[in-house]
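Colleague: Before I set up any calculation on this model, I should like a close account of one part of it. Please choose a charged side chain and follow its surroundings outward.

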Amino acid sequence: MADTPIPLEVRNITKRFGDTEVLKGLSLQAQKSDVITLIGASGSGKSTFLRCMNLLEQPDDGELIIHGEPIRFKQTRHGREPADWNQVVAMRAKLSMVFQGFNLWAHMTLLENIIEAPVHVLGKPKKQAIEHARELLERVGLSDRADYYPAQMSGGQQQRGAIARALAMDPDVMLFDEPTSALDPELVGEVLKVIRGLAEEGRTMILVTHEMAFARDVSTQVVYLHQGQVEEAGPPAQVLGNPSSERLKQFLAPKN
Ligand SMILES: Nc1ncnc2c1ncn2[C@@H]1O[C@H](COP(=O)(O)OP(=O)(O)OP(=O)(O)O)[C@@H](O)[C@H]1O
Ligand SMILES: [Mg+2]
């Protein structure tokens, strides 16, 4: 399978906000079934890096290659922008993101949330989208919540619903930005369980998390960011179990 294109390749991404360069040349390669965990202190650039991967944030420089297809950029007065927004829309359909704050649409039921993009972006027939949505709801343990509105669900349920919504696009790569950090502690486990299941079925994922035990369990690779640079990266047993960077040792040390 040597000629199968790599699902996601990021080369030398830089990003500045005003005078501050927050990403200083970051690269990453997600092969099929890789689970790559990004860790690092608050402000180290994890979310910005993730957002650059699906162009919610525009990198100033660097390349993004999705399944062997480079994203095309053009220079404008305001900096660099995608040359073709249709390409970005197609790319985002392959790279589904799950945010910290659930982000289900409040005015739609859970089922409506899940079928929205497959029907309106992918043009999937509604009946088929509903069938798929029901399978996904079962998969994340929410079969009985299809007709609930987000406000009627717990945080953990909403986040599992958001994962089902992301899955409904049949993404090649899933991006998770601290999917459990807005949850009450007793609800974290149910969401991690769903994500673990996705890892076990060989989904390609990039995950920002502070759950180190979980990262160690599910990741194929852990990347430690410090001030917009990769300070250390490698298999979890090495990066989390036997780090060489002093800074990373500090970061992993128990806080009290
Ligand atoms: N839209 C923005 N405008 C200006 N500065 C920004 C913007 N977004 C992020 N930054 C800055 O970029 C840096 C990296 O932020 P980012 O959100 O990527 O960090 P993070 O590693 O995800 O942190 P956390 O663990 O707190 O979520 C921070 O210094 C932040 O203040
Ligand atoms: Mg963040």
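**A lysine in the first strand**

Modeller: A polar atom of the K15 side chain lies 2.8 Å from the backbone oxygen of Q58, a polar contact (N or O atoms within 3.5 Å, one able to donate a hydrogen and the other to accept it; residues adjacent in sequence count only if both atoms are side-chain atoms). The model is predicted, so local features need pLDDT of at least 70 and side-chain atom pairs pLDDT 80 or more, whereas totals for chains, interfaces and linings use all residues. Residues are numbered from 1 along each chain as written, chains are lettered from A and ligands numbered from 1 in the order written, and side-chain values use heavy atoms, without hydrogens or water.

K15 is buried and yet has no salt bridge. Buried means under 20% relative accessible area (1.4 Å probe, protein chains only); a salt bridge requires a side-chain nitrogen of Lys or Arg within 4 Å of a carboxyl oxygen of Asp or Glu. For K15, the nearest side chain of opposite charge is that of D60, 4.3 Å away; Lys and Arg count as positive, Asp and Glu as negative, and His and the chain ends are not counted.

Beyond its neighbours within four places in sequence, K15 is in contact (heavy atoms within 4.5 Å) with T20, E21, V22 and L23. Its further contacts are T48 and C52, together with E57, Q58, P59 and D60.

K15 belongs to strand β1, residues 8-17; strands are DSSP runs of E with at least two residues, numbered from the N terminus. β1 pairs with β2, residues 20-30, in the antiparallel sense over eight bridges; pairing requires at least two DSSP bridges. Within this pair, V10 stands opposite L28, and R16 opposite E21. E21 is also among the contacts of K15.

β1 and β2 form a hairpin with two residues between them. In its turn, G18 has a positive phi of about 60°.

The hairpin strands belong to an open sheet of four strands, ordered β2-β1-β4-β5, with antiparallel pairing. β2 and β5 (69-70) are the edge strands, each pairing on one side only.

A second case, of negative charge, is E232 in β12, residues 229-234. E232 is buried and has no salt bridge; K249, its nearest side chain of opposite charge, is 7.9 Å away. A polar atom of the E232 side chain lies 3.0 Å from the backbone nitrogen of S244. The contacts of E232 outside four places in sequence include Y224, P243, S244 and L248.

Terms used. Buried means under 20% relative accessible area, exposed over 50%, partly exposed in between (1.4 Å probe, protein chains only).
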